[in-house]
Amino acid sequence: VSAPLPVAKGIRPRVLVVMGVSGSGKTTIADGLKNTLGWPYEEGDTLHPKANVAKMASGTPLTDEDRWPWLEKCRDWIDENAATGGILTCSALKRVYRDFLRANGAELLFVYLKVPDFTLRQRLERRKGHYMPPSLLASQLEALEEPAADEPAIEVSVQHSPAEAVAHTIGALRARDGVV
Ligand SMILES: Nc1ncnc2c1ncn2[C@@H]1O[C@H](COP(=O)(O)OP(=O)(O)O)[C@@H](O)[C@H]1O
Ligand SMILES: [Mg+2]
C-alpha cells in the first residue's frame, strides 16, 4: 500500500465499492484508485466460494442463493475496513445486494461503472485469463439495477481511459467531502 497522492488529501476514509457488470472495468479502476488513495484493496471475485467460480466458468449464471454467502464475505470486508478506508470490487448488481452490503451501517460509497453494452461485449471478447465467459454478460445486464438516487453512489461513465475514470471518481469524492 503506497502513501496517498496529494490529490487524495482531505478525502475521508470509507469503503469504495467499485460495482458494475463483468467487463465494466471494476478491477482496472479499483487498481487505479488503490494507487491514488493508498487504501487496502480487495478483489471481490476472490471471495466467491469455489462452487460459484466453477458455476460461472461453465457459463451458468449465479442465483441469489449462490450470491448470499459471497455477499456476506464482501460485507465482512467492508465492515473491517470502513473506518480506515478501503476499495472493494463487487458487482453488486441488485438493490437488495447493495442494501445488504450497507446494512451494518459502515460508511461506503458505490462507484458504479456505467459502460455501453457494445463496449462491454468487445472488452470481454478480448480479455484473457478470466473465468467469466462473455456469454454471461446478458444475464448480468438483465440482473443489473442501477443505483437509485437515495443510495450512496456515484456514476462513472467509462467511455474514456481508466485514468480518466479514476480522476473522475477522485473529483467526485473531493466534491462530496468539500475538499477545496
Ligand atoms: N476504461 C477502459 N477503457 C478501455 N478498456 C478498459 C477500461 N477499463 C477496463 N478495460 C479493459 O476491459 C476489460 C475488462 O476490465 P476489468 O477491469 O477486468 O472488468 P471487471 O473487473 O469489471 O470484470 C479488461 O481487459 C480491461 O483491460
Ligand atoms: Mg474484475
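Author: Helices and strands are DSSP runs, numbered from the N terminus; a helix has at least four residues and a strand at least two. With that in hand, Ala 92 can be placed in the loop between strand 3 (86-89) and helix 4. Please keep in mind that this is a predicted model.

Reader: Thanks! What is the phi of Ala 92?

Author: The general idea first: most residues other than glycine have a negative phi. Ala 92 has a phi near 45°, which is a positive value in a residue other than glycine.

Reader: And is Ala 92 buried or exposed?

Author: A residue is buried when its relative accessible area is under 20%, exposed when over 50%, and partly exposed in between. Ala 92 has 0% relative accessibility, so it counts as buried.

Reader: Let me try that on helix 4. How accessible is Val 96?

Author: Val 96 belongs to helix 4. Its relative accessible area is 46%, so Val 96 is partly exposed. You can also look at distance through space: Val 96 and Asp 64 are 32 residues apart in sequence, with 9.9 Å from C-alpha to C-alpha.

Reader: Now helix 3. Is Trp 77 buried or exposed?

Author: Trp 77 sits in helix 3, which covers residues 64-81. Its relative accessible area of 10% makes Trp 77 buried. Lys 73 is in helix 3 too, but with a relative accessible area of 47% Lys 73 is partly exposed.

Reader: How far are the C-alpha atoms of Lys 73 and His 48 from one another?

Author: They are separated by 8.2 Å, and the two residues are 25 residues apart along the chain. For Trp 77 and Pro 147, which are 70 residues apart along the chain, the C-alpha atoms are separated by 21 Å.

Reader: Let's turn to charges. How many salt bridges are there?

Author: Side chains of opposite charge can pair when their charged atoms come close. The cut-off here is a side-chain nitrogen of Lys or Arg within 4 Å of a carboxyl oxygen of Asp or Glu. By this rule there are 12 salt bridges. One of them pairs the side chains of Arg 12 and Glu 107, at 2.6 Å from N to O.

Reader: Which parts does the pair of Arg 12 and Glu 107 tie together?

Author: Arg 12 is in the segment before strand 1 (15-19), while Glu 107 is in the loop between helix 4 (95-101) and strand 4 (108-114), so this pair links parts that are 95 residues apart in sequence. Arg 12 is partly exposed at a relative accessible area of 39%, and Glu 107 is partly exposed at 34% relative accessibility.

Reader: Which residue forms a salt bridge with Arg 95?

Author: That is Glu 151, with the closest N and O atoms 3.8 Å apart. Glu 151 lies in the loop between helix 6 (137-143) and strand 5 (153-157) and Arg 95 lies in helix 4, so the pair ties together parts 56 residues apart in sequence. Glu 151 is buried at 6% relative accessibility, whereas Arg 95, with a relative accessible area of 23%, is partly exposed.

Reader: What partner does Lys 114 have?

Author: Lys 114 forms a salt bridge with Glu 146, and their closest N and O atoms are 2.7 Å apart. Lys 114 is in strand 4 and Glu 146 is in the loop between helix 6 and strand 5, so parts 32 residues apart in sequence are tied together. Lys 114 is partly exposed, at a relative accessible area of 31%, and Glu 146 is partly exposed at 40% relative accessibility.

Reader: Which residues are joined into one network?

Author: Salt bridges that share partners join Arg 95, Arg 98, Asp 99, Asp 150 and Glu 151.

Reader: Last topic, the ligand. Which residues come nearest to ligand 1?

Author: There are 14 residues around ligand 1, and Gly 23, Lys 26, Thr 28, Arg 127 and His 160 come nearest. Helix 1 (residues 26-37) gives the largest share of the shell, 3 residues.

Reader: Where does Thr 28 touch ligand 1?

Author: A polar side-chain atom of Thr 28 is 2.6 Å from an oxygen atom of the ligand. Gly 23 offers a polar backbone atom at 2.8 Å from an oxygen atom of ligand 1, and Lys 26 has a polar backbone atom at 2.8 Å from a ligand oxygen. Ligand 1 taken alone exposes 560 Å², of which the protein buries 75%. The space that ligand 1 takes is the largest pocket.

Methods. Residues are numbered from 1 along each chain as its sequence is written. Chains are lettered from A and ligands numbered from 1 in the order in which they are written. This is a predicted model: local features need pLDDT of at least 70, side-chain atom pairs count only at pLDDT 80 or more; totals for chains, interfaces and linings use all residues. Side-chain values use heavy atoms; hydrogens and water are left out. Buried means under 20% relative accessible area, exposed over 50%, partly exposed in between (1.4 Å probe, protein chains only). A residue is near a molecule or strand if one of its heavy atoms lies within 4 Å of it. A polar contact is a pair of N or O atoms within 3.5 Å; within protein, one must be able to donate a hydrogen and the other to accept it, and residues adjacent in sequence count only if both atoms are side-chain atoms. Accessible areas come from the Shrake-Rupley method with a 1.4 Å probe; for residues, only the protein chains shown count as cover. On a 1 Å grid over the protein atoms alone, a cavity is a set of points where a 1.4 Å probe fits but cannot get out, and a pocket is an open set with protein on both sides within 12 Å along at least five of seven lines; lining residues have an atom within 4 Å of a point. A molecule sits in a cavity or pocket if more than half of its atoms lie within 2 Å of its grid points.
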